[in-house]
Amino acid sequence: MLARDAAGKSLGITLQAVGPGTAEMAMVVRPDMTNGWDLCQGGLIAALADSAFAVACNSYGEVTVAAGFDISLLESARAGDRLLARAVERARRGRSGVYDVTVSRLGADGSPDEVIAEFRGRSRAQGRGIPGLSDAADRRKR
């Protein structure tokens with residue numbers, strides 16, 4: 001999925017970590033990502049959070065898509081800021097899932113410093129395995 005993610009690549013979004021129902025993605029805010037107030041455009045912060053959400057909900061090897069999301073932008077980000085989105089699964093029942101993503105600005109030491117956004121995503125599994133991966137979705141149905 002990430003190999004074909006042209007949008008994520010164009011934004012410089014990189015995978016930091018992935019596990020069952022979890023993911024971490026990072027992005028450095030470039031000058032071309034800022035709006036008229038020299039702040040990172042909110043939609044790009046949402047794109048980072050959405051990318052972490054996508055990786056987390058697809059981490060079981062089943063094609064899963066977003067059914068919707070909400071985001072609260074709490075602080076601004078500026079050019080040069082390194083952002084980290086941490087996605088955590090909150091619930092997964094049948095084909096539906098709920099994931100929370102916290103987007104933080106990283107401090108000079110590389111650890112999360114300040115929360116800038118909170119995102120809640122709702123996912124819907126498509127009932128088929130991700131091509132090239134294990135047949136996790138098929139095994140789960142048995």
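Here are some friendly notes on this predicted model, going from the whole chain down to a few single residues.

1. Let's start with the overall build. The secondary structure comes to three helices and six strands. Read from the N terminus, the elements run α-β-β-α-β-β-β-β-α, so a helix stands at each end of that order.

2. On overall dimensions, the C-alpha trace spans about 50 × 30 × 25 Å along its principal axes. For 142 residues, a compact globule would have a radius of gyration near 14 Å, and the 15 Å of this chain agrees with that.

3. Next come burial and surface. Of the 142 residues, 37% count as buried. The chain exposes about 7,600 Å², and carbon and sulfur atoms supply 51% of that area.

4. How are the contacts spread along the sequence? Taking the contacts with a separation of 6 or more, 64% join residues that are 24 or more positions apart.

5. A word on charge, in case you plan to look at electrostatics. The chain has 19 positive and 17 negative charges. Their mean positions lie 10 Å apart.

6. Strand E5 covers residues 96–106, and Ser96 is found in it. Is Ser96 buried or partly exposed? Its relative accessibility is 36%; because buried means under 20% and exposed over 50%, Ser96 counts as partly exposed. Leaving aside neighbours within four places in sequence, Ser96 is in contact with Ala91, Ser123 and Arg124. With Arg124 there is also a side-chain to side-chain polar contact of 3.2 Å. Arg120 makes a useful distance check: the C-alpha atoms of Ser96 and Arg120 are separated by 13 Å, with their positions 24 residues apart along the chain.

7. Asp100 is found in strand E5 as well. Here the relative accessible area is 17%, and Asp100 is therefore buried, the cut-off being under 20%. Which side chain does the side chain of Asp100 meet in a polar contact? The partner is the side chain of Arg90, at 2.9 Å. Beyond the neighbours within four places in sequence, the contacts of Asp100 are Arg86, Ala87, Val88, Arg90, Phe119 and Arg120. If you are viewing the model while reading, Asp100 and Arg90 are a good pair to display together with this list.

8. Strand E3 takes in residues 62–73, with Ala66 among them. At 45% relative accessibility, Ala66 counts as partly exposed. Apart from neighbours within four places in sequence, Ala66 is in contact with Phe53, Arg122 and Ser123. Ser123 also appears in the contact list of Ser96, so both Ala66 in strand E3 and Ser96 in strand E5 touch that residue. The C-alpha atoms of Ala66 and Ser76, ten residues apart along the chain, are separated by 25 Å.

9. Last, a backbone detail. Asp38 sits in the loop between strand E2 (22–28) and helix H2 (42–57). What is the phi of Asp38 near? The value is near 60°, which is positive in a residue other than glycine. Asp38 is exposed, with a relative accessible area of 55%.

Terms used
Residues numbered from 1 in each chain as written. Predicted model: local features only at pLDDT ≥ 70, side-chain atom pairs only at ≥ 80, totals over all residues. Heavy atoms only, no water. Helix = DSSP H or I, 4+ residues; strand = E, 2+ residues; numbered from the N terminus. Rg over C-alpha atoms; globule rule 2.2 N^0.38 Å. Buried < 20%, exposed > 50% of the residue type's maximum accessible area, 1.4 Å probe, protein only. Contact = heavy atoms within 4.5 Å. Areas by Shrake-Rupley, 256 points an atom, 1.4 Å probe, with all protein chains shown as cover. Lys, Arg positive; Asp, Glu negative; His and termini not counted. Charge placed at Lys NZ, Arg CZ, Asp CG, Glu CD. Polar contact = N/O pair within 3.5 Å; in protein donor to acceptor, adjacent residues only side chain to side chain.
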